Amino acid sequence: AGELVKAVHRIMRVADGGRRMSVRANADTEPDAARARQFGAQGIGLCRTEHMFLGDRRSLVEALILADTDSERERQLAELLPLQREDFKGLFEAMDGLPVTIRLLDPPLHEFLPDITELSVRVAVAEARGEPREGDLRMLQAVHKLHEQNPMLGLRGVRLGLVIPGLFAMQSRAILEAAAERVQAGGVPRVEIMVPLVGAVQEFESVKDDIVKVARDVRAETGAHLEYLVGTMIELPRAALTADQIAESAEFFSFGTNDLTQTTWGFSRDDVEAAFFSHYLEKGIFGVSPFESIDREGVGELVRIAAEKGRERRPGLKLGVCGEHGGDPESVHFFDEVGLDYVSCSPFRVPVARLEAGRANAQAGAGNGRDSR
Ligand code: PEP
Ligand code: MG
């Protein structure tokens, strides 16, 4: 077994030597980040902050979403701030010196709201018994107002940040305060704040303005010399097609190929077991599910267009991918071809992505004399 491990390390070193793209991991917790680093990840390409609010903390986000006065909302945000600061401190520590991309909250709302059917039944039963409960009724009215038929196409991502005042500012403050502490402890946090589900540059700019203000405050309060980038996910066709405008103010793009596949094909990413899907595979309409391997002609073409438009407007724009495709060998070759700087995938896929990124660059070099850069 020892010989085998040595051989694997030797192969990985060869692959790493010929690799142009770097490989990061998608990780939301300190242990995941540490494991990813052991697998050779060169940073975090995606920290999904909504995962930090599952379990016990779920109710805090629910209370925030349902807060009906400014003071109630501010109270919830103040409670969340120190929790988030601790979360981010752990990530910066585990990935010291390497880039950490933290995505602002992007949950489909229904994951955090009480179930509307259950709530309706509870209210109806209480009323029938002649014991109406004020609290449940108010909650039902609030949930009803936010209820959507298609939550994945609804109040998610940047929309949530624009609708709930102070939410993204709180998260950005937590990120930057954690980074400032790291700097003061002699560490090197490389902060990248990422805005999800952007479709129009105006959405991005509005959030970025708030982040810049928060950063100015945190710098003044802590005296820490803080560096950070603000960038966006490209996961809607409209964002890909207007990438030149978005690149005016976004300092990096990360392609969210899960949502981009969903919105380009119009297939629900949560129903890939749907009956028609296997029918499509059998008929050869596609060889492999487009959620598994990049569809070069559609989703991939949007990636290529966005990369070109973005770099035309902002030469040197940093480009990566953090959808599932970032760990798929075929797709890794495609991302190398269109000139992305990095792929990000789950920690366990990092070695495969390193290997494929090395092979992709070697093949490209053999084909057209391209140097690795
Ligand atoms: C994506 O859409 O590809 C992505 C990385 O974000 P999420 O899967 O969290 O929607
Ligand atoms: Mg997404």
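Thr264 is a good place to start in this predicted model. The residue belongs to helix 12, which spans residues 257–265. Is Thr264 buried or exposed? Thr264 counts as buried because 20 other C-beta atoms lie within 10 Å of its own, and 20 is also the number at which a residue begins to count as buried. Leaving out residues up to four places away in sequence, Thr264 touches Pro237, Gly298, Val299 and Leu302. Ala306 sits 42 residues from Thr264 along the chain, and the C-alpha atoms of the two are separated by 14 Å.

**Around ligand 1**

Helix 12 also takes part in the surroundings of ligand 1, where three residues, the largest share of the shell, come from this helix. Strand 2 (44–48) joins helix 12 in supplying at least two residues each. Which residues make up the shell around ligand 1? They are Leu46, Arg48, Asp106, Glu235, Gly256, Thr257, Asn258, Asp259, Cys322 and Gly323. By character, the shell divides into two nonpolar, four polar and four charged residues, which may be handy to know if you plan to look at the ligand in your viewer.

**The barrel**

Now to the sheet. Eight strands close into a barrel in the order 1-2-3-4-5-6-7-8, and their pairing is parallel. On average, neighbouring strands are turned by 25° against each other, direction ignored. Several of the strand pairs can be set side by side, each with a pair of partner residues.

| Strand pair | Bridges | Bridge partners |
|---|---|---|
| Strand 4 (residues 190–195) and strand 5 | five bridges | Ile193 and Val230 |
| Strand 6 (residues 252–255) and strand 7 (residues 318–321) | four bridges | Ser254 and Gly320 |
| Strand 7 and strand 8 | two bridges | Gly320 and Tyr342 |
| Strand 1 (residues 22–26) and strand 8 | four bridges | Ser22 and Tyr342 |

Read across the rows, two residues come up twice. Gly320 is the bridge partner of Ser254 and also pairs with Tyr342 in strand 8. Tyr342, in turn, stands opposite Ser22.

How well covered is strand 8? Strand 8 (residues 342–345) is covered on both faces: Tyr342 and Ser344 are buried on one side, and Val343 and Cys345 are buried on the other. That arrangement can be read against a general pattern: in a regular strand the side chains alternate between the two faces of the sheet. Strand 5 (residues 228–234) is mostly covered, with five of its seven residues buried.

**Ala25 and Ile44**

Strand 1 holds Ala25, and this residue is buried because 31 other C-beta atoms lie within 10 Å. Not counting residues up to four places away in sequence, Ala25 touches Ala36, Ala41, Ile44, Gly45, Ser344, Cys345, Ser346, Pro347 and Val350. Among these, Ser344 and Cys345 are also two of the buried residues of strand 8. Gly45 is 20 residues from Ala25 along the chain, with 5.6 Å separating their C-alpha atoms.

Ile44 provides a link to the interior. Apart from neighbours within four places in sequence, Ile44 is in contact with Arg24, Ala25, Ala27, Ala33, Leu91, Met95, Val100 and Thr101. Which residues touch the most other members of the largest nonpolar core? Ile44, Leu91, Ile175 and Val343 do, in a core of 89 residues. Helix 8 (residues 167–184) gives the most to this core, with nine residues. As background, nonpolar side chains tend to be buried together in soluble globular proteins. Val343 ties the core back to the barrel, as one of the buried residues of strand 8.

**Two backbone details and a helix**

Leu197 lies in the loop between strand 4 and helix 9 (201–222). Its phi is near 55°, a positive value in a residue other than glycine. Why does Leu197 count as buried? Leu197 does so because 24 C-beta neighbours lie inside 10 Å.

The other positive phi to mention belongs to Gly339, which follows helix 15 and has a value near 90°. Within helix 15 (residues 329–337), the buried residues include Ser331, Val332, Phe334, Phe335 and Asp336. For helices in general, there are 3.6 residues a turn in an α-helix, so residues three or four places apart point the same way.

Notes: Residues numbered from 1 in each chain as written. Chains lettered and ligands numbered in written order. Predicted model: local features only at pLDDT ≥ 70, side-chain atom pairs only at ≥ 80, totals over all residues. Pairing = 2+ DSSP bridges. Axes fitted to C-alpha atoms, helices over the stretch in contact; angles between N-to-C directions. Buried ≥ 20, exposed ≤ 12 C-beta atoms within 10 Å, placed from the backbone. Contact = placed C-beta atoms within 7 Å. Near = placed C-beta within 6 Å. Nonpolar A, V, L, I, M, F, W, Y, C, P; charged D, E, K, R; others polar. Core = buried A, V, L, I, M, F, W, Y, C linked by C-beta atoms within 7 Å.
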